[in-house]
Every structure is written in C-alpha cells, then in structure tokens.
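Let's work through a few exercises together. Have a look at the model first, then try each task before reading its solution.

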Amino acid sequence: MHDSEKQMIILDLVGSTNNYAMGLIKNSEAADGISVFAIDQTEGKGRLGRHWISEPGANVHLSIITQMQWASLHNQFFLSMAASLSIVQLVEKICPSQVFVKWPNDIIINDRKAAGILIENVISGHIWQWAVTGIGLNVNQKEFFTGKATSLFNECHQEFDVLQLAADLKEIFLSLIAEWQEGRHFLWIERYNSRLYKSGQSIKLEYGNRIFETKILGVTKEGRLRTKDIFEREWDLD
C-alpha cells in the first residue's frame with residue numbers, strides 16, 4: 001500500500017467524518033485507504049438519519065475510503081461485514097468481553113450499544129465506484145443520555161488511546177478488504193452469524209404497524225435477516 005493510501009486525516013472538529021470523506025471523493029481528492037478521524041464530531045449520523053452524539057476527544061469517529069470498482073454491487077453486505085468483524089476483532093483483543101453484532105449495523109457489549117456503522121456509496125450505473133465506511137466507537141466516554149449505550153471504559157474499566165484504536169481499527173478493516181479482493185471472504189458470513197446478537201432467541205420485530213414475536217435464525221450473505229415464527233422469512237435492511 002502506498003503512503004498516500006495509508007494517510008489518516010486528523011481533524012480537531014468536523015460536522016461529520018463521512019461528509020468530509022464524501023467531499024474528498026466529490027472533489028477528486030480521495031485515494032483508496034485514506035481515512036478521516038475527528039477528535040470532535042458535531043453532526044455524527046447513523047442509519048435512517050439518526051444522530052450519533054459523542055463526547056469530544058473520548059471516542060473514535062472514523063471514516064475509511066475504499067475504491068470498489070473491483071466488487072459487485074450484489075456483494076455490498078460484505079463491506080458491512082468487514083466493518084463489523086473489524087470492530088469485534090479489535091474490541092475482543094483489548095477488552096475481555098463478549099461482543100456481538102446487532103443486525104444490521106450496531107456492535108453490542110453486555111446488551112448495550114458500543115459502536116455503530118454507517119456506509120455511504122458512490123455508484124455510477126452498475127459500477128460501485130467508492131465507499132465510505134463510517135465507524136463510531138464509544139471508548140472513554142463514561143456517561144450517556146441513554147441506558148442503552150456503553151463504552152470500552154465502562155466495560156473494561158480502563159482508558160484507551162483513541163487515536164491508536166482508530167489506527168488499529170483501520171488496519172484490521174483494510175486487511176479484511178484485502179482478503180475480500182483475494183477471494184478469501186466466503187467464511188465471513190459464518191463468523192458474522194457466530195457473533196449475531198440474539199441468534200436463536202425470540203425477539204419482538206416491528207414491521208409496518210405490526211409488532212410480532214419471531215426467532216432469529218441468522219443473516220444471509222446478501223444482508224437479509226432470517227427469522228422463523230409461523231413462517232421462515234427474510235428481512236431487507238430497510
């Protein structure tokens with residue numbers, strides 16, 4: 001990998017690292033593997049327009065740019081798997097906790113959200129040109145507005161070097177992308193499903209105006225959630 005491809009842009013303050021990264025692509029200033037890290041992110045975002053609120057300097061706000069022309073649009077979920085498995089690998093290495101992936105884009109420790117993923121793509125016709133993989137990981141933050149969130153500090157009872165974690169996370173993620181390019185990614189779905197939150201358990205699922213109970217079976221390589229109640233069903237991301 002060239003030096004330019006390893007570059008991490010470090011910002012003191014930004015609205016959104018994903019927006020900044022997408023701007024680099026739009027202005028033809030992007031290169032494969034460049035990442036954007038922010039000490040303070042004021043307009044962090046999750047799926048469906050949700051806000052990601054984070055204490056300045058306490059957490060990882062990271063967006064990684066990858067060229068995707070070599071990949072099929074049908075395999076977009078592999079990018080989400082790469083991000084999820086990267087976070088799981090990093091956290092399990094430094095924090096003796098059970099880490100799970102809550103479909104489709106959250107990382108859970110002890111039944112609380114510790115990280116989220118937001119992927120944005122640049123697609124032209126049938127060509128997947130670029131992807132920006134945004135990762136928000138709660139690291140040293142101690143208090144949250146919701147009891148559904150946690151951090152590495154709260155689970156491991158120690159502080160971490162946030163910038164070093166971001167660099168380590170990027171390295172793991174890009175190594176998985178290299179695996180994918182080399183065709184060594186087909187066991188990822190097994191690894192992903194082995195970490196799937198509530199797998200084999202009954203959950204309440206909301207669909208339209210209905211809430212019903214169903215059992216989680218797993219996730220397909222296309223990214224659909226498999227469940228079983230009266231029928232076996234597959235659910236799309238949105």
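**Exercise 1: the disulfide**

With -110° about the S-S bond, the link of Cys-95 and Cys-156 is left-handed. This is a predicted model, where local features need pLDDT of at least 70, side-chain atom pairs count only at pLDDT 80 or more, and totals for chains, interfaces and linings use all residues. Residues are numbered from 1 along each chain as its sequence is written, and side-chain values use heavy atoms, with hydrogens and water left out.

Task: find how far apart the sulfur atoms of Cys-95 and Cys-156 are, and where the two residues sit.

Solution. Start with the sulfur atoms: they are 1.6 Å apart, and a disulfide is a pair of cysteine sulfur atoms within 2.5 Å. Next, place the partners: Cys-95 is in the loop between α3 (77–94) and β4 (99–102), while Cys-156 is in helix α4 (residues 152–156). Helices (H or I, at least four residues) and strands (E, at least two) are DSSP runs, numbered from the N terminus. That puts the pair 61 residues apart, linking distant parts of the chain. Finally, both Cys-95 and Cys-156 are buried (under 20% relative accessible area, 1.4 Å probe, protein chains only).

**Exercise 2: the open sheet**

Task: work out the strand order of the four-stranded open sheet, then its edges.

Solution. First, the order reads β8-β9-β10-β11, with antiparallel pairing; two strands pair if DSSP finds at least two bridges between them. Then look for strands that pair on one side only: these edges are β8 (202–207) and β11 (232–235). Now zoom in on β9 (residues 210–219) and β10 (residues 225–228), which pair over four bridges. Here Val-219 stands opposite Leu-225.

Definitions and conventions. Buried < 20%, exposed > 50% of the residue type's maximum accessible area, 1.4 Å probe, protein only.
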